[in-house]
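Open the model in a viewer and keep the sequence panel beside it. The stops below go from the cysteines to the whole chain, then to one proline and a pocket.

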Amino acid sequence: MQYLKVDTALGICMIEYQAMPPLVNRIRLPGTGKGANCSLSVRGSGQADEQVDEKVPREILEIAESLRRYFAHGETPAVPWACLNMAQLTPNQRQLLREVAKIPGGTVQTYGAVARLAGFSGAARFAGNALAKNPFPVLIPCHRVIRADGDIGGFGGGRAMKQKMIDLEKA
């Protein structure tokens, strides 16, 4: 496993990846406290801050740049499906995440609606549990899924981060 720290407008994101083939295993959001000891990072220029023995694949650097643009301007990234390690998810979780990826920036859906659209009618709890395990936040925008009562619900990066992301996209 290799790690790339991405300096964004809202803090440090971490990309856990493998180089060959280039696959993202997980993205850690700012404020989650994971990855503080990572030795390689990129800033706005997309260039590494430090000299290290590894070469970061172009695809991973593009994902890092899309995270930086998202947190700077709310620019919704295209989902780099070929670079996401979906093997860690069940087929039902993958199906649900593919549906969540279709939610347009600046809008929200309920857990129940997303479950229904993915073919799991009456499975709002399944949707919530699956999204709690989403290893690719921002790229697969689980922050755009809220509770039926209008409450924003939980989020791996914290409720405050979820609200910031929703507000960023509406701006």
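How many disulfides does the count come to? The count is zero disulfides. Bear in mind throughout that the model is predicted.

**Stop 1: two cysteines.** Select C13. Its relative accessibility is 0%, so C13 counts as buried, the cut-off being under 20%. Now select C83. With a relative accessibility of 11%, C83 also falls under 20% and therefore counts as buried.

**Stop 2: the whole chain.** Switch to a cartoon view and colour by secondary structure. The chain has five helices and six strands. Followed along the sequence, these elements give the pattern β-β-β-β-α-α-β-α-α-β-α. Next, colour by burial: 45% of the 171 residues count as buried. Show the surface as well. The accessible surface of the chain is about 8500 Å², and carbon and sulfur atoms account for 50% of that area. If you draw contacts, take those between residues at least 6 apart in sequence; 58% of them join residues at least 24 apart.

**Stop 3: P135.** Select P135, in the loop that runs between helix 4 and strand 6 (145-146). Is P135 buried or exposed? P135 is buried, because its relative accessibility is 0%. Show the residues around P135, leaving aside neighbours within four places in sequence: P135 is in contact with N25, R26 and I27, and also with Q88, L89 and L97. Then add L84 to the selection and set a distance between the two C-alpha atoms. P135 and L84 are 9.1 Å apart in space, C-alpha to C-alpha, with a separation of 51 residues in sequence.

**Stop 4: the largest pocket.** Select A132, N134, F155, G156 and G157. Of the 18 residues that line the largest pocket, these lie nearest its centre. Which elements each supply at least two residues of the lining? Strand 3 (23-28) and helix 4 (124-132) do. The space in the largest pocket comes to about 280 Å³. Finally, colour the lining by residue class: eight residues are nonpolar, six are polar and four are charged.

**Last view.** Keep P135 and the pocket lining on screen together, with strand 3 and helix 4 in the cartoon. Helix 4 comes before the loop that holds P135, and helix 4 also supplies at least two residues of the lining of the largest pocket.

Conventions
Residues numbered from 1 in each chain as written. Predicted model: local features only at pLDDT ≥ 70, side-chain atom pairs only at ≥ 80, totals over all residues. Heavy atoms only, no water. 1 Å grid on protein atoms, 1.4 Å probe; cavity = no way out; pocket = protein on both sides within 12 Å on 5 of 7 lines; lining within 4 Å. Points joined across faces, edges and corners; volume = space filled by probe spheres on them. Helix = DSSP H or I, 4+ residues; strand = E, 2+ residues; numbered from the N terminus. Nonpolar A, V, L, I, M, F, W, Y, C, P; charged D, E, K, R; others polar. Buried < 20%, exposed > 50% of the residue type's maximum accessible area, 1.4 Å probe, protein only. Contact = heavy atoms within 4.5 Å. Areas by Shrake-Rupley, 256 points an atom, 1.4 Å probe, with all protein chains shown as cover. Disulfide = S-S within 2.5 Å.
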